[in-house]
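These are my notebook entries on a single chain, set down in the order in which I looked things up.

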Amino acid sequence: MASPYYSNGNSNRFTPSSRSSYRRQPYRGDSDSTSLLDDLRVLLAQGARSLWRFWNERGRRMTVAAMVSAGRRLRQNLAFRRIFSFPHLLVLAWVVLLLWGERWVFHSAVEKCHWGNWESWPAGAEPHRVVLVADPQLIDPHSYPGRPWPVNPLIYRITDNYLRRSYNQLQWQLVPDSVFFLGDLFDGGREWKTLHGDFRDPEWGPHPDHEKKYLKKWNRKYGENFWLREYRRFGDIFFDPWIAAGAAPDAAQKRRKLVASLPGNHDLGFGSEIKMGVRNRFETYFGEGNRVDVVGNHTFVSVDTVSMSAAASKDAGRHDLKPIYKPTEHFLNDVNRTKRKAVEKELRFLRGEVPEVQFHHRIEELEKADFSDQPTLGEGAPDLPTILLTHVPLWRPEGTPCGPLREHWPPTKPPKGQTERVVPDNRNAISISRGYQYQNVLGEKDSVSLVGKVGNVVHAFSGDDHDYCYVVHGANQGGVPEITVKSISMAMGVSTPGFLMLSLYNPIDVDGKPLTGAGKPTLQTHLCLLPRQPSTYVRYTTFAFVCIALLTIRAFLVPVLKLSRFALDPEPTSSNILPVFKAKVEDYDEYALPSAGFSASHFLYGSGTRDRSGSVTTGGSRPGNTMTHNNRSAASPKSSKKSHHSHSKGASGSKWGWSGQSRGPPRIEIRSENEDIYDGGKWKAANARPRSTVNVVATELWTSVFRVVWMAFLFFGWLTWKG
């Protein structure tokens, strides 16, 4: 018989004849191959089986061990002495400081501005109270386009929270009757692509070079939907608190009004560079920029001066800019009639009549009908004191000082012997300049025409500059006093944002005639300053350094004064890699038997050890023994306790112990470096080298600082998230 190829007796052997049956299977095509879904099912099934196997073998024990460890840590952290430890007292101090800086400071700032603190009307007067808000200018991708992703969202949240907290306190503490916004509601509103109309830059007004590289990204990512989200964001900050404050019982009978339709150059652009689609979108959601409102027996005239300025631009003669400036021009040409109509409606309301005009109810033959006596509205109506609202300040000579309330630079100190203020004072003034999509003040011709057409202007208010400025214009502008209102945002280059409070008191009879006499002032103003956010952050930083210093001092005092440590000892491991004990004397195991295998003496007498006298003791009966191990245990309780401590699960009585404990003589336990040598006042045998002072100090400092940092940041994050 031929020698087999497979020599172990197995009948399933490979023979040369079987090669003919082993052939590569032909490719069957895609119809017989498994689909991607089947492969995914197999992969998921294998993954589930692997997870189940891991859970049964190790996962369950790991989970239980983690839960036990977490419970032990929780019990240690909830101890009374740990809860009221020094690091936690610093955390409590951080909570108070953050509540002050993120909540209470806004309440205190607005509380100082209560109407009764500065109004000086006659006793019993009931003025109409107005708040003017300028340049909220919500931060968006246009504000800081070069900053990385984590920075911009954080800035959005912080600046929005500042606006929200300030405006909420404004509404709930001051409860104004009316609120007017002076433009620049958004920072990049003009940059977000419209759904309708031509959004291309005009050939005479391209973007500056530093913004051109962002245009494709802005047009691709930030369109109509993004602008609508920004509109909702504005409403969450400013409209919702207004509505909520109006639902209060004391505000139910007041004729409250909020007007946010006055556009700024960041909302539309400026002059000839305005895009019609952008303006149409803004007016669709906020209302007409040119309007007349009768508030507190005063006529407020809002004028879209950013569009009006297109008529005076150098491009007006070369390009057709009428769609931009003509609506404002028509409004100003008819503004006096519009004012009278608005006053007449107000007086009719005060008399209890229907505000709109009514035709005479009579029946006439068509051929004999008289249409000459149609009733009109506004004929003969009085002209109430007019307040002009414009985003761009009126013209003034260069260097006209803005007064002591301007933050950027105080007025220049006059030279010795001079009592009047220094004029010109360029650093205390609004600069006369212009650039891409902005102009700091209106042109002189536009300002003179604007004041003249509106007529009877007793005061003007503007925005755009972000800082406070008070000027009295010359005779060619009617000697009108003007206040440029501070920005309410913390991100507009002024350390102390604010808003302007306007108290109106002009009692009139049913015909519109003043009851207090002509010539008396009918309005009073007050600048309300909001918290200085940089100062708040400086306080945070200063207190952080104080905390680090205090925790460092405490960490050094822990080993010196034996203070209670804040750092917990590490969790003990379940299995020991290195030996945990060593025989106390070398000769105990001198005659020890191997742990594996059998010998005659081991079989007869068992595993034995020698005491100090050299006699052998065993755990079983042995001829010649006068005292067995059990008898010793019964005779001496101390010996029993020591013997119980040294019992082992196995019979290995080697010189070094490996996680288990063995019977035999007393041994010295080799303790972990992290274990304390003190336990409840009892001294334990430990390693010869205790933890070094540097190690204790470093561990204590790191643990306590980390605890204060993450708890303080967690609370700050919660306050930031809540708004």
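**Entry 1. Arg233**

I began with Arg233 and asked whether this residue is buried or exposed. Its relative accessible area is 15%, which is under the 20% cut-off, so I recorded Arg233 as buried. I note that the model is a predicted one. I placed Arg233 in helix H7, which runs over residues 224–246. Next I listed its contacts, setting aside residues up to four places away in sequence: Arg233 touches Leu138, Ile139, Tyr156 and Asp160. Tyr156 drew a second look, for the charged end of Arg233 sits over the ring of Tyr156, 5.6 Å from the ring centre. I then noted another arginine placed over a ring: Arg256 lies over the face of Trp242, at 3.5 Å from the ring centre.

**Entry 2. Aromatic pairs**

I looked up how many aromatic pairs the structure holds. The count is 33. From these I took Phe180 and Phe300 and asked how the two rings are arranged. Their centres are 4.7 Å apart and their planes meet at 5 degrees; the angle is under 30 degrees, so I entered the pair as stacked. The pair joins distant parts of the chain, as Phe180 belongs to strand E2 (residues 178–181) and Phe300 to strand E5 (residues 298–303), 120 residues apart. Both Phe180 and Phe300 are buried.

I also recorded one aromatic cluster, whose members are Tyr167, Phe181, Phe186, Trp227, Tyr231, Phe234, Phe238, Phe239, Phe282, Tyr285 and Phe286.

**Entry 3. Annotated spans**

I turned to the UniProt record, an unreviewed entry, and asked which residues it annotates as "transmembrane region". The annotation covers residues 83–101, 537–557 and 701–721. I compared two of these spans with the model. Residues 83–101 are 89% helix and 0% strand, and the C-alpha atoms at the ends are 25 Å apart. Residues 537–557 are 100% helix and 0% strand, with 30 Å between the end C-alpha atoms.

**Entry 4. Cavities**

I searched for enclosed space and found 3 cavities of 30 Å³ or more. The largest cavity holds about 70 Å³ of space. Which residues line the largest cavity? I listed Glu102, Phe106, Ile158, Asn161, Tyr162, Arg165, Gln533, Tyr537, Phe716 and Thr720. I then assigned the lining to elements: helix H3 (86–111), helix H4 (151–174), helix H14 (533–561) and helix H18 (693–722) each supply at least two residues. H4 gives the most, with 4 residues.

**Entry 5. Ser309**

I located Ser309 in the loop between helix H10 (305–308) and helix H11 (322–333). I asked why this loop residue should be entered as buried. Its relative accessibility is 7%, under the 20% limit, and therefore Ser309 counts as buried. Leaving out neighbours within four places in sequence, I found Ser309 in contact with Phe270, Gly271, Leu442 and Asp446. For Asp446 I also noted the spacing: Ser309 and Asp446 are 137 residues apart in sequence, yet 7.5 Å apart in space from C-alpha to C-alpha.

**Entry 6. Backbone details**

I looked up the peptide bond from Val423 to Pro424 and recorded it as cis, with omega near 0 degrees. Pro424 is in the loop between strand E6 (386–390) and strand E7 (434–435).

I then noted two residues other than glycine with positive phi. For Asn297, phi is near 60 degrees; this residue is in the loop between strand E4 (291–295) and E5. For Lys562, phi is near 55 degrees, and its place is the loop between H14 and strand E14 (581–583). Are Asn297 and Lys562 buried or exposed? Asn297 has a relative accessibility of 17% and so counts as buried, whereas Lys562 has a relative accessible area of 68% and is therefore exposed.

**Entry 7. The chain as a whole**

I closed with totals. The secondary structure comes to 18 helices and 20 strands. The protein has 723 residues, of which 39% count as buried. Among contacts with a separation of 6 or more, 73% are between residues 24 or more positions apart.

Terms used. Residues are numbered from 1 along each chain as its sequence is written. This is a predicted model: local features need pLDDT of at least 70, side-chain atom pairs count only at pLDDT 80 or more; totals for chains, interfaces and linings use all residues. Side-chain values use heavy atoms; hydrogens and water are left out. Buried means under 20% relative accessible area, exposed over 50%, partly exposed in between (1.4 Å probe, protein chains only). Contact means heavy atoms within 4.5 Å. Rings of Phe, Tyr and Trp (its six-membered ring) pair if their centres lie within 6.5 Å; planes under 30 degrees apart count as stacked, over 60 as edge-to-face and the rest as tilted. A charge sits over a ring if NZ of Lys or CZ of Arg is within 6 Å of the ring centre and within 35 degrees of the ring normal. UniProt positions are given in the numbering used here, feature names are shortened, and annotations may be inferred rather than shown by experiment. On a 1 Å grid over the protein atoms alone, a cavity is a set of points where a 1.4 Å probe fits but cannot get out, and a pocket is an open set with protein on both sides within 12 Å along at least five of seven lines; lining residues have an atom within 4 Å of a point. Grid points are joined across faces, edges and corners, and a volume is the space filled by probe spheres set on the points.
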